[in-house]
Amino acid sequence: SLSADMVGLKKPNLILCLTALIWLSLGFLVLGSVSATFSIEKFGDSAYLLRHQFLYGLLPGLTLGLFFFFLPREILKKVSLWFFLATLFLAGLLLVSKIGLRFLGASRWINLGVIVFQPAELLKLSSILYLSSWFAGRKPAEKIKSRFGRLMPLLPFLLIVSIITVLLAAQPDIGTLSIVLLTAAAIFFLAPTPLWQNLLLWALGAAGLALLIRVAPYRLNRLMIFLHPDIDPMGRGYQLKQSLIAIGAGGLFGVGPGLSDQKFGFLPETIGDAIFPVFAEEWGFLGTALLVSLILIFVWQGLRVSRLARDEFSRLVAAGISLWIGLQALVNICSMSGLLPLIGIPLPFVSYGGS
């Protein structure tokens, strides 16, 4: 087993690595453009946020990446439960203590003074690792001698995602919740589970989404803006309107790196969720096509790693992580382009942040 792992370490997926590197490079280029004005106003240094992203985002990410690259998979599998429980604890801590940092009515960040991070971002990864480990080690349903044998593994899976749903919906962070649930559903489908359970799972998910929309009026407003983009263009539909203006202004070749107009106070959250419209404005249709191509290549190569994996745990982890990053990127792009209702999630490898 050890020699097999070592053979795998000598042959990393170079296409996947190169794709991530180009994607990161494009992210730093556009972040340098959108963050300069904000950095000067708040910190007196035009490169502050870009430098912060490099020192507290990229370098720790690469370090952790190398660490897990050499970590034996069996160790990762054994600690997946404890990692998952720890992230659940941190997410729950936001709801019952004053350690959470509130911003725009949401409590999603833990402020430790030196660092500020989102437990929900860790929960995305820990849920993939734990669900993959659980599916890889569970008994087939027909071998479970109980009256609930036919409902395995659906019942415990629903319990797990219900706990996640309660913790994230209470923050509230429906954008992250949607990505976690979509990724979890994909892992459930890729694991050896009955088709009827998958269909039931999607039906329950649709019902749960309808309930979440019903209990919070602002979510219904986002849905109405998606269906009727021209209503309330200076209020509820302002961000989508400005986003579409930025994308349209880019044309075929873009206005040029650093030359976006929308980043100067017209488009909210340009360093975070709304960074894609600025990228589209500066790099145009061709640049956007390159970005989308990188996302698709990333997912394709990640699924290829999954297909070639030697064990069930590795297969599900590789597929889960690839689909998570790809889904989040495409959902961000589609919501900012008016192809999906507006969802507040960052664009991976591009938006500002370190979690």
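Here is a chat between a visitor and a guide about the predicted model shown above.

Visitor: What should I know before we start?

Guide: This is a predicted model, so local features need pLDDT of at least 70, side-chain atom pairs count only at pLDDT 80 or more, and totals for chains, interfaces and linings use all residues. Residues are numbered from 1 along each chain as its sequence is written, and side-chain values use heavy atoms, with hydrogens and water left out.

Visitor: How many helices and strands does the chain have, and what makes a stretch count as one?

Guide: The chain has 12 helices and 3 strands. Both are DSSP runs, numbered from the N terminus: a helix is H or I with at least four residues, a strand is E with at least two.

Visitor: Why is Asn198 called buried?

Guide: Buried means under 20% relative accessible area, exposed means over 50%, and partly exposed is in between (1.4 Å probe, protein chains only). Asn198 has 5%, so it counts as buried. You'll find Asn198 in helix H8. Leaving aside neighbours within four places in sequence, Asn198 is in contact (heavy atoms within 4.5 Å) with Phe188, Phe189 and Thr193. Across the chain, buried residues make up 39% of the 355 residues.

Visitor: What makes a group of residues a nonpolar core?

Guide: The members are buried Ala, Val, Leu, Ile, Met, Phe, Trp, Tyr and Cys residues, joined through side-chain atoms within 4.5 Å. The largest such core here has 56 residues, and Trp23, Phe135, Phe157, Ile164, Leu291 and Leu347 touch the most other members. Several helices each supply at least two residues of this core, including H2 (14-43), H4 (73-96) and H11 (275-307). H11 gives the most, with 9 residues. Apart from this core lies another, of 5 residues, among them Leu71, Leu76, Leu129 and Val317.

Visitor: Which residues does Phe135 contact, beyond its neighbours within four places in sequence?

Guide: Phe135 is in contact with Pro153, Phe157, Ile187, Phe188, Ala191, Thr193 and Leu316. Phe135 also belongs to a cluster linked by ring pairs, together with Trp134, Phe157 and Phe188.

Visitor: Why are Phe43 and Tyr48 called stacked?

Guide: Rings of Phe, Tyr and Trp (its six-membered ring) pair if their centres lie within 6.5 Å; planes under 30 degrees apart count as stacked, over 60 as edge-to-face and the rest as tilted. Phe43 and Tyr48 have 3.9 Å centre to centre and 20° between the planes, so they are a stacked pair. Phe43, at 37% relative accessibility, is partly exposed, and so is Tyr48 at 29%.

Visitor: What makes Phe69 and Phe70 edge-to-face?

Guide: Their centres are 5.2 Å apart and their planes make an angle of 80°, so they meet the edge-to-face rule. Phe69 is partly exposed at 34% relative accessibility, whereas Phe70 is exposed at 55%. The whole structure holds 13 aromatic pairs.

Visitor: How do you know that Asp45 and Arg51 form a salt bridge?

Guide: A salt bridge is a side-chain nitrogen of Lys or Arg within 4 Å of a carboxyl oxygen of Asp or Glu. For Asp45 and Arg51 the N to O distance is 2.5 Å, so the pair qualifies. Asp45 is partly exposed at 26% relative accessibility, and Arg51 is partly exposed at 37%. A search of the whole structure finds 5 salt bridges.

Visitor: What makes Asp311 and Arg73 a pair that ties parts together?

Guide: Their closest N and O atoms are 3.6 Å apart, so this is a salt bridge too. Asp311 lies in the loop between H11 and H12 and Arg73 in helix H4, so the pair ties together parts that are 238 residues apart in sequence. Asp311 is partly exposed at 27% relative accessibility, and Arg73 is partly exposed at 29%.

Visitor: Are Lys263 and Glu282 buried or exposed?

Guide: Lys263 is at 11% relative accessibility, so it counts as buried. Glu282, at 2%, is buried as well. Lys263 and Glu282 form a salt bridge, with the closest N and O atoms 3.7 Å apart. Lys263 is in the loop between helix H10 (238-250) and H11, while Glu282 is in helix H11, 19 residues apart.
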